[in-house]
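This report asks how side chains and strands are arranged in the structure shown below, beginning with the nonpolar cores and moving on to aromatic rings, sheets and enclosed elements.

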Amino acid sequence: MPGERLTVRDTSEIGRFPGVAPPTRVEVTIQKEGEKKQEEGGCRRWLRKMCPCCFKRQNSTSYDVTDKLELTKLPTTAPVVTLAPEPAKPKPENGETKEKENEKEEIKLSVCSVDLLSSKTGQNRVEHHTDLYHGDELIIRRGQTFQMEMELNRPFNADTDKMHLDLKTGPLPTVSKGTHVIIPLVDDLEDERWEAKITKQDGNKIKLSVNSPADAVIGLYGLTVMTRSSENEPATAYNSSKNIVILFNPWCEEDTVFLDDEEQRKEYVLNDTGRIYYGTEKQIGARTWNFGQFHEGILEACLFILEKSDMPPSGRMDPVNVVRVISAMINAQDDLGVLVGNWSGNYSSGVSPAAWSSSVEILRKYHSTSGTPVCYGQCWVFSGVTTTVLRCLGIPARSVTNFQSAHDTDVSITTDVYFDENMQPIDHLNNDSVWNFHVWNDCWMARPDLPPGNGGWQAVDATPQETSQGTFCCGPASVNAIRLGQVYLKHDTPFVFAEVNSDKIYWQRNLDGTFSQIHSEKKAVGRCISTKAVGSEEREDITHLYKHEEGSEEERIAVETACRHGSKSKTYYPPIEEDVCVEVKMEGEGPRMGTDAQLSIVVKNLSSQPRQTTLYSQVAVMYYTGVLKNAIRKNEIPVELLPNEEKTIEWVLPYQQYQEQLVDQAALMLTLSGRVNETKQVIANQTTFRLRTPDLTITPVGEAVVGKEMAAKITFTNPLPRTLKQVVFRVEGLGLQKGHEVVVGDVGGHSTVTLTEHFIPNQPGPRKLVASLDCKQLTQVHGVADIVVYEQQE
């Protein structure tokens, strides 16, 4: 205003540290007219002399000219202030001040929208091999770059604007535990770390490439984008409406679940159907199982299982932890897990284990009821569901069946059979059992927690048998460690070793109550270990992965190495001479349900002297777990052998003797024992067999085209001479139709029933329609049809 005068004085000071430019500070003082004018400083006089045209001394009577202050960007030495007179600008017509104009220019950066590019057919899902999962969520695999786009309220300025991404998982996300991830923007992406880079900018839109490390915590993440326009202002948060699911990555070399064979990845990660084997070693049956890991709701159910467990979210970065928790959570024994085990034969409160043919209904039911265990399961059901969950989470997995599978109850790493003084089995002492078959899982991963060489396939078992560290779980146990007898390596290696390679030791009670070892079988346990072959429907025998060839020096060393760490470390003694042996044989695929069961007992005398013995035989109904229900027939068979003679004895069990006695799997055990009179040699043999059941025949009818109705005929013939009561068919086909029940009712003896299913395929490609029969009098009846579905022609 008139009577006042503005002078500008530079008061910049020397920086606190050498070479660092101090902050520029400008003081504005107002000098009133009449006050004594301050002396002009030397710098000011020098500037006026050097540039008199730009730095004129102001006339005290002129009030229409003011000094303009301009701050220029400086090097890091000293600030420079340039002063230049300029005519005053007229006041804006709209009344805005100059300060408001500056504020308008500096609009605060914020996010308007985020596109996670999560379409099933988009780049992210295809490159991450997650395009088969149901839905349009962003499902990615760790250790691999993914893309995202966002729209901002104005163009992003890399010089002044700041941005980072926040990912959080679990109830209490923590940076130190890897459950709260802060992802910075960088100029160049590097492997093995969380970081993001702007790869494209078009006006207000930017595209980001985001890296994740190969040891990231897997699970469901919430995404927040944090932005700010300067260092001093508070950040603005934008929460994405969609979550991100991160899975294990078998395609990433740095991930511990990396599998370097593409065909095996297709089989053990991407294949949503498979085969599970059952029966006995001489009568191997197979059934098709729908794993359905990509089916609607299954990924959510698998993540729910992880959340329901006691494992902290930070533990989900290690597949060893995840697999161990899954093996506990699939059974409901002590943690209200997915499936209730039931071997009683009474399944009136749920579904018979033999009636399941898919994991989908089980997992969806468990999830939809907020974790109410599903009734009922047995080993193949536990294994099928485990395969589904592991493949869904990105861990390569397969179902594995071990025939003549031992159940060691006293950590002796032997299977012990006790007889009394008269060579009769002592049932209450025979707690160890040998299951006709037992199904568990192999999963693939490195094992940095074990000595080198123990990575690869790991055995994991969700069937509740024995506790491990107080919980009904088993594994992961290195298959290589099992093969070598290194039972001191975690987890649960002794138990799995006994299942596949324990010796069967026979003990006889003495008159004083003690027991003496009278016989041992070295090849009775762990036969025909089977899994579905890669890329085909054939059975692959993987016994060689679990143990060396039976009877070889390497196999014996492994057994003795293992037993030194068991509860009966002094079991082994030098072998005695044995010249009489007994073997049981069956013709073809063995006896069929509804007919007399016929076996052949072959006794050989390998010596040049005659031999005489009495064989005690007992046949008992047996649960497939090896537990005997009851003996249904006993008899004695006198045997006289000439030198080097081989004698065959025909053994027959009439249908009438077993028809009312059978339990699940229709399994029987024939036990033979005896003592050679001349040498006192003990001979013993236990043979299990099952009565084979018929298959369901499924015949597709009509052309298989997406969106076009077709049909399939399911045919079943009752093999029994009596009526089957309350027969129910369960039918399901991934991409064909949802699983459902069809009540058939009673089926007369030797009668044939035909069911026609009508459905509309909704997914192209090779599909499988599976069906099973649920009936108390007859189990393990099922069938499958391969159907190739074609796209509709336009």
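## Nonpolar cores

In this predicted model, the largest nonpolar core has 63 residues, and those with the most contacts inside it are Trp380, Val389 and Leu393. Helix α8 supplies the largest share of this core, namely nine residues. A second core, separate from that one, has 59 residues, among them Trp651, Ala712, Leu736 and Leu773.

As a general background to such groupings, nonpolar side chains tend to be buried together in soluble globular proteins.

## Aromatic pairs

The structure holds 14 aromatic pairs. In one of them, the ring centres of Trp380 and Phe437 are 6.2 Å apart and the planes stand at 40°, so the pair is tilted. Trp380 belongs to helix α8 (residues 379-393) and Phe437 to strand β21 (residues 433-445), and this pair links distant parts of the chain, 57 residues apart. Trp380 and Phe437 are both buried, and Trp380 is also among the residues with the most contacts inside the largest nonpolar core.

A further aromatic pair, formed by Phe419 and Tyr506, is stacked, with 5.9 Å from centre to centre and 15° between the planes. Because Phe419 lies in strand β20 (residues 415-419) and Tyr506 in strand β24 (residues 504-509), the pair ties together parts that are 87 residues apart in sequence. Phe419 and Tyr506 are both buried.

## Charges over rings

Tyr268, Trp444 and Trp457 are linked into a cluster by ring pairs. Trp457 has a charged neighbour as well, since the charged end of Arg398 sits over the Trp457 ring at 3.8 Å from its centre. Elsewhere, the ring of Trp356 has the charged end of Arg730 over it, 5.0 Å from the ring centre.

## Cysteines

How many disulfides does the structure hold? The number is zero. Two cysteines can be described by their accessibility: Cys563, at 1% relative accessibility, counts as buried, whereas Cys581, at 31%, counts as partly exposed. The reasoning rests on cut-offs, because buried means under 20% relative accessible area and exposed means over 50%, with partly exposed in between.

## The sheet of β20, β24 and β25

Strands β20, β24 and β25 form an open sheet of three strands, in the order β20-β24-β25 and with mixed pairing. The edges are taken by β20 and β25 (515-521), each of which has a single partner strand, so one side of each is left without a neighbour in the sheet. On average, and with direction ignored, neighbouring strands of this sheet are turned by 25° against each other.

Strands β24 and β25 run antiparallel and are joined by six bridges; the bridge partner of Trp507 in β25 is Gln517. The stacked pair described above also belongs to this part of the model, with Phe419 in β20 and Tyr506 in β24.

## The sheet of β5, β7, β11 and β10

A second open sheet to consider has four strands in the order β5-β7-β11-β10, and its pairing is antiparallel. Here β5 (111-115) and β10 (195-202) stand at the edges with a single partner strand each, so that one side of each is left without a neighbour in the sheet. For this sheet the neighbouring strands are turned by 25° against each other on average, direction ignored.

Within the sheet, strand β7 (residues 146-152) and strand β11 (residues 205-211) run antiparallel and are joined by six bridges, and Met150 stands opposite Ile206 in β11.

## A hairpin and an enclosed helix

Strands β15 and β16 form a hairpin with two residues between them. Eight bridges join strand β15 (residues 273-280) to β16, and the two run antiparallel; in β16, Trp289 is the bridge partner of Gly274. Strand β16 (residues 283-290) has six of its eight residues buried, so it is largely enclosed by the rest of the structure.

Which helix can be described in a similar way, as largely enclosed by the rest of the structure? In helix α10 (residues 493-501), eight of the nine residues are buried, so this helix is largely enclosed by the rest of the structure. The buried residues of α10 include Phe495, Val496, Phe497, Ala498 and Val500, and they also include Thr493, Glu499 and Asn501.

Notes
Residues numbered from 1 in each chain as written. Predicted model: local features only at pLDDT ≥ 70, side-chain atom pairs only at ≥ 80, totals over all residues. Heavy atoms only, no water. Phe/Tyr/Trp six-rings, centres within 6.5 Å; stacked < 30°, edge-to-face > 60°. Buried < 20%, exposed > 50% of the residue type's maximum accessible area, 1.4 Å probe, protein only. Lys NZ or Arg CZ within 6 Å of the ring centre and 35° of its normal. Disulfide = S-S within 2.5 Å. Core = buried A, V, L, I, M, F, W, Y, C linked by side-chain atoms within 4.5 Å. Pairing = 2+ DSSP bridges. Axes fitted to C-alpha atoms, helices over the stretch in contact; angles between N-to-C directions.
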